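Trainee: Hi, have you got a minute to go through this model with me? I'd like to get my bearings.
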Amino acid sequence: MKMMKKMIVMLLGILLFTAGAGARNETVAADTAAVNPAMAEVNPEVTLLQLQQEHAAAMEHMRQDHIEDTLIPVVAIVCGTAVPALVIFLIVFTGLKHRTKVKLARYDLMAKALESGKELPDYFFEEGDNRPASGKSRLSRGFTLVGAGVGLLFFGLVLSSKYVWAFSAVPLLIGAGQLLVYRIEARSAESLSEPESEK
């Protein structure tokens, strides 16, 4: 339908161009006859050849436009859906591969410890989030959340949005809490180790 509309518009344009060119040729012929009687006769075959060449050029231009009109949306749709899907797939695949490697390493460590007769702590056998957080992981999470909160705060300042500022307080305060817990645990571990070293 779109192609048909273009063809109709193009034919009307050619018709108007031809009519205008014919009128212009008559005017030019009359002007030339007045100036130079030797050039008074206009060759209709030359005019027809020029029109055919112009028509062929217009059709080629239209074909190129049609290819661009079709190609651009197809590329946009493919890239718009395939690239995010591919990125998500790679993230999930990498995460699952890493998790599998970590589990295999844990199972190997458990097997070696049991073969050598050493006892492992009870939480070592627990999976995932059931294990208590170590001090280093708590410190790392705390700094990460504080950094995310500060980043959101600056983003809110750039946008001048009080809602982003308010939202930035959530990770900022959670991170500050994680750092506070880390500091308290470190002090209690120091105080527990001091009496033992005095004895």
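Mentor: Sure, let's start with a term: helices (H or I, at least four residues) and strands (E, at least two) are DSSP runs, numbered from the N terminus. Phenylalanine 93, for instance, is found in helix 2. Keep in mind that this is a predicted model, where local features need pLDDT of at least 70, side-chain atom pairs count only at pLDDT 80 or more, and totals for chains, interfaces and linings use all residues. Residues are numbered from 1 along each chain as its sequence is written, and side-chain values use heavy atoms, with hydrogens and water left out.

Trainee: Thanks! How many helices and strands does the protein have?
Mentor: Four helices and zero strands, giving the pattern α-α-α-α along the sequence.

Trainee: Back to phenylalanine 93: is it buried or exposed?
Mentor: In between. Phenylalanine 93 counts as partly exposed because its relative accessibility is 46%; buried means under 20% relative accessible area, exposed over 50%, and partly exposed in between (1.4 Å probe, protein chains only).

Trainee: And what percentage of the 199 residues count as buried?
Mentor: The figure is 12%. Arginine 106 in helix 2 (residues 44-116) is buried, because its relative accessibility is 11%.

Trainee: New topic: how many salt bridges turn up in the whole structure?
Mentor: One. A salt bridge here is a side-chain nitrogen of Lys or Arg within 4 Å of a carboxyl oxygen of Asp or Glu. Glutamate 185 pairs with arginine 138, and their closest N and O atoms are 3.5 Å apart. That links distant parts of the chain, since glutamate 185 is in helix 4 and arginine 138 in helix 3 (residues 135-159), 47 residues apart.

Trainee: Why can such side chains pair at all?
Mentor: Opposite charges can pair when the charged atoms of the side chains come close.

Trainee: Are those two partners buried or exposed?
Mentor: Arginine 138 is buried, with a relative accessible area of 15%, whereas glutamate 185 counts as partly exposed at 33%.

Trainee: What about glutamine 178, which residues does it touch?
Mentor: Leaving out residues up to four places away in sequence, glutamine 178 touches Arg138, Arg141, Gly142 and Leu145; contact means heavy atoms within 4.5 Å. Glutamine 178 lies in helix 4 (residues 162-198) and counts as buried because its relative accessibility is 17%.

Trainee: Last one: how far apart are the C-alpha atoms of arginine 106 and phenylalanine 124?
Mentor: They are separated by 8.9 Å, with the two positions 18 residues apart along the chain as the sequence offset.
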